Each structure stands twice: as C-alpha cells, then as structure tokens.
Amino acid sequence: MFMNKKVKIGGDERDGKSQWEGYAEQAGWELKFKVDCEGNISGDCDNDNNGGADEKEFSGVWEAEDQDAGEIKEIRATFTGGASTGNVNTYAGTIDLEAMTFEGTLACVEGSFAGHTGTISGGVEIEDWCDDCCED
C-alpha cells in the first residue's frame, strides 16, 4: 500500500499538531514525503504554522514488517531553513488506515534542541506517485 505513494500528514488542512514536552501545543505541524518502490523515503516541506520559516528535508526507509501496515518506524527531517536550521528530528508513529489519522512521537536528535521529545498528530492523505514506476 505505501510503496510508490505520496503521503501527507498534518498541516493546516489536515489538523496537524505538535507538542514538545514542556511547551504549548502548536497547530500546523506537517510531513509530506514520497515512498518509492524500494521503500526509500524522500521529500521536503515546511510547517504551515510558521509561514514556511522552517524548511525540512525527509529521509528514511519504510521499515514496516507488513508493507501495507501503517506503522512508521523512523523518518528523519533535516532542517535546512529558518530558526531550526541544523536540527535533525525523528518521527515515528502509526497511521490508522480506517480513520486516516496519525499519532506519533518526535525527538530532536541533533542540533540546538537535541534531547527534546514530544507528540505529533494529524489527518492523513495517501495518493499514487507514479503509476508505472515499480514495473520491471
């Protein structure tokens, strides 16, 4: 289900939220990434809550034991613009495929905010990326 797909989680349109421990909840948190035929994750976006000030690039591998399951083991976001430049966050969680919602955790593993953790959530959209990309 997730191979060769575009996945959008959160953002203003999908009620995206993040909350670092000890901080207020923020609306507009967002992930937008592609999963190719090999399970490689790529993409970039900015959070809707700050008008594009924090740009991030995604990497990782779709590692669910069942490729149709909605479990995300780890997506890494490297911040390339804005106040968070230089930080690297990781995201993990589960997509509820019936409700098309996501609940998960985030952690800053590198940069000025390293060591902080929190929670993330939002609605989910999944669409085809390329109809014939995975054909031999």
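1. A quick word on terms before the charges: a residue is called buried when its relative accessible area is under 20%. By that cut-off E30 is buried, because its relative accessible area is just 2%. Keep in mind that this is a predicted model.

2. E30 has a charged partner, K32, and the two form a salt bridge with their closest N and O atoms 3.7 Å apart. K32 itself is partly exposed, at 33% relative accessible area. So this pair joins a buried glutamate to a partly exposed lysine.

3. The pair I'd look at next is E125 with R14, a salt bridge whose closest N and O atoms are 3.2 Å apart. E125 sits in strand β10 (residues 117–128), while R14 is in the loop between β1 (5–10) and β2 (17–20), so the contact ties together parts that are 111 residues apart in sequence.

4. Is R14 buried or exposed? R14 is buried, with a relative accessible area of 9%. Its partner E125 comes out as partly exposed, at 32% relative accessibility.

5. These two pairs belong to one picture: E13, R14, E30, K32 and E125 are linked in a network of salt bridges. When you have the model open, it's worth displaying those five side chains together.

6. There is also K17, which forms a salt bridge with D15, the closest N and O atoms being 2.9 Å apart. K17 is partly exposed, with 23% relative accessible area.

7. For the overall tally, the model has seven salt bridges; the ones described above include E125 with R14, K32 with E30 and K17 with D15.

Methods:
Residues numbered from 1 in each chain as written. Predicted model: local features only at pLDDT ≥ 70, side-chain atom pairs only at ≥ 80, totals over all residues. Heavy atoms only, no water. Salt bridge = Lys/Arg side-chain N within 4 Å of Asp/Glu carboxyl O. Helix = DSSP H or I, 4+ residues; strand = E, 2+ residues; numbered from the N terminus. Buried < 20%, exposed > 50% of the residue type's maximum accessible area, 1.4 Å probe, protein only.
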